[in-house]
Amino acid sequence: MTIRKHKLLVRVVSPLGMMGGFLLLPFILWVAVAVVGLPRPGGDSTSGVVMTLIAIAIFFTLVYGGGRLAVALFQWRVLAECPHCGLAALGLRFVTVNRGTYRCRACGYVDPTSARDQPNGVAPTQAL
Ligand SMILES: [Zn+2]
């Protein structure tokens with residue numbers, strides 16, 4: 001698989017994972033309230049306000065974590081072909097929260113086109 005196809009699939013898989021994390025939120029809150037017995041989010045009580053803040057934190061964690069987990073699981077089975085060594089070992093490695101570089105897990109090759117995705121436009125140094 002080429003890097004271009006892999007990038008395209010990552011752009012599809014990541015939002016699907018984020019959506020999966022979002023859909024888990026009602027289940028997590030139901031488990032917290034109905035099964036564990038924590039106070040229900042909302043209301044005027046202090047515990048309701050605290051649970052609302054916890055629910056908001058869980059929301060962002062699930063959405064962001066769902067996207068990252070989906071990409072990690074996708075790359076567990078599907079990697080791009082390295083133009084340097086020819087092995088299917090080129091995977092996306094996140095550098096910042098939402099950006100990453102394509103780095104070969106076999107030879108350390110760093111895809112120079114990934115530099116365009118970097119905030120400062122400079123690719124990280126190649127690790128050999
Ligand atoms: Zn390689």
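**Helix α1 and the nonpolar core**

Visitor: Which residues of α1 are buried?
Guide: In this predicted model, the buried residues of α1 are His-6, Val-10, Gly-17 and Gly-21.

Visitor: And what covers them?
Guide: The cover over the buried residues of α1 includes the helix α2, residues 46–77, and the strand β1, residues 90–94.

Visitor: How far apart are the ends of α1?
Guide: The end C-alpha atoms of α1, which runs over residues 3–35, are 45 Å apart, and this agrees with the expected span, because 33 residues at 1.5 Å a residue should cover 48 Å.

Visitor: Where does α1 bend?
Guide: The bend, of about 30 degrees, is at Leu-25, and a proline, Pro-26, follows within four residues. Just after the helix, Gly-37 takes a positive phi of about 90 degrees.

Visitor: Switching topic, which residues make up the largest nonpolar core?
Guide: That core has 12 residues in all, among them Val-10 of the N-terminal part of the sequence listing, Phe-74, Leu-92, Tyr-102 and Cys-104. At least two residues come from each of α2, β1 and β2, the last being residues 100–104, and α2 gives the most, with 3 residues.

Visitor: What does each domain put in?
Guide: Domain 1, residues 1–78, and domain 2, residues 79–128, each contribute at least three residues to this core.

Visitor: Back to Phe-74, what does it touch?
Guide: Leaving aside residues up to four places away in sequence, Phe-74 touches Leu-9, Val-10 and Val-13. Of these, Val-10 is also a member of the largest nonpolar core, and Val-10 is one of the buried residues of α1.

Methods: Residues are numbered from 1 along each chain as its sequence is written. This is a predicted model: local features need pLDDT of at least 70, side-chain atom pairs count only at pLDDT 80 or more; totals for chains, interfaces and linings use all residues. The expected span of a helix is 1.5 Å times one less than its number of residues. The bend at a residue is the angle between axes fitted to the seven residues ending there and the seven starting there. A residue is buried if 20 or more other C-beta atoms lie within 10 Å of its own, exposed if 12 or fewer, and partly exposed in between; C-beta atoms are placed from the backbone. Two residues are in contact if their C-beta atoms, placed from the backbone, lie within 7 Å. A nonpolar core is a set of buried Ala, Val, Leu, Ile, Met, Phe, Trp, Tyr and Cys residues joined through C-beta atoms within 7 Å. Domain bounds come from an automatic or database domain assignment.
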